[in-house]
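This note sets out a few points for a reader who is new to structural work. Please keep the sequence and the structure in view while reading.

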Amino acid sequence: MNKQQFWQLIEAARNQASNPDDGEDVARRATSQLATHPAEEIVAAQQVLWGLMADSYTNPLWAAAYVINGGCSDDGFDYFRGWLIAQGREAFERIVADPDALAELPIVRASAADGLDLECEEVLSIVWNAHLVATGKQLPDDACTIRYPELDPTWNFDFDDHSEMTRRLPRLAALYLE
């Protein structure tokens, strides 16, 4: 499975979900669909998924997750990026390129109004669970390798510094910090 096929899987799951903003439902549906693929494709999907996790491992996105969720640990950042993957390719690519554009997404605006966190740990298990359903076995330990990029040192500041966050992520700050 390549990246395009993985995104098609996510899009199909979003289209089947009663609410495409429900990351858990999207993850369940993607898992069910992926489990119908040959085992080799399922294993290959793990590399794609974790490649997307590496692509989205940036300080600006982490800062955005921090603002949106009122803090963001290492695990919390993983779960936030899982949620972002569940939003589909277009949203993912736009947000990775410009994390402040999160403020334009209706789900983000609604979460700001309702005080809800945006996380979806279940997305991180799509491939694992699909492989278990399809084969009855756990994913092989060597199903993927991941190398996170170095974080941008210019974003090495206290994310609780509201003035700095407002300067760097003005649209999100307007939703969450004011």
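1. A residue is called buried when its relative accessible area is under 20%, exposed when that area is over 50%, and partly exposed in between. The model discussed here is predicted. With a relative accessible area of 39%, Asp55 is therefore partly exposed. Lys3, at 37% relative accessibility, is likewise counted as partly exposed.

2. How many salt bridges does the structure hold? The number is 10. One of them joins the side chains of Asp55 and Lys3, with a distance of 3.4 Å from N to O. Asp55 belongs to helix α3 (residues 39-55) and Lys3 to helix α1 (residues 3-16), so this pair ties together parts that are 52 residues apart in sequence.

3. A salt bridge is also formed by the side chains of Glu104 and Arg171, at 2.4 Å from N to O. This pair links distant parts of the chain, 67 residues apart: Glu104 is in the loop between α6 (89-97) and α7, whereas Arg171 is in helix α10 (residues 170-176). Glu104 counts as partly exposed, at 44% relative accessibility. Arg171 counts as partly exposed too, at 32%.

4. The side chains of Arg167 and Glu164 meet in a salt bridge of 2.6 Å, N to O. What separates these two residues along helix α9? Arg167 and Glu164 are three residues apart in helix α9 (residues 162-168), so about one helical turn separates them. Is Arg167 buried or exposed? At 55% relative accessibility, Arg167 counts as exposed. Glu164, by contrast, has a relative accessible area of 17% and is buried. Elsewhere, Asp98, Asp100, Glu104 and Arg171 are joined into one network by salt bridges that share partners.

5. The largest pocket should be considered next. About 190 Å³ of space lies in this pocket. Its lining consists of 14 residues, and those nearest its centre are Asp21, Trp83, Ile107, Asp117 and Leu118. Two elements, α2 (23-34) and α7 (106-114), give two or more residues to the lining. Which element supplies the largest share? It is α7, with four residues. By type, the lining of the largest pocket divides into six nonpolar, two polar and six charged residues.

6. Asn69 also merits attention. Asn69 is placed in helix α4 (residues 59-69), and its relative accessibility of 10% makes it count as buried. Leaving aside residues up to four places away in sequence, Asn69 touches Phe80, Leu116, Asp117, Leu118 and Glu119. Among these contacts, Asp117 and Leu118 also appear in the group of lining residues nearest the centre of the largest pocket. Asn69 and Ala112 lie 43 residues apart in sequence, while their C-alpha atoms are 9.1 Å apart in space.

7. A final point concerns an annotation. According to the UniProt record, an unreviewed entry, residues 1-130 are covered by the annotation "domain: DUF4240". Over residues 1-130 the chain is 69% helix and 0% strand. The C-alpha atoms at the two ends of this stretch are 13 Å apart.

Methods: Residues numbered from 1 in each chain as written. Predicted model: local features only at pLDDT ≥ 70, side-chain atom pairs only at ≥ 80, totals over all residues. Heavy atoms only, no water. 1 Å grid on protein atoms, 1.4 Å probe; cavity = no way out; pocket = protein on both sides within 12 Å on 5 of 7 lines; lining within 4 Å. Points joined across faces, edges and corners; volume = space filled by probe spheres on them. Nonpolar A, V, L, I, M, F, W, Y, C, P; charged D, E, K, R; others polar. Salt bridge = Lys/Arg side-chain N within 4 Å of Asp/Glu carboxyl O. Buried < 20%, exposed > 50% of the residue type's maximum accessible area, 1.4 Å probe, protein only. Contact = heavy atoms within 4.5 Å. UniProt positions renumbered as here; feature names shortened; annotations may be inferred.
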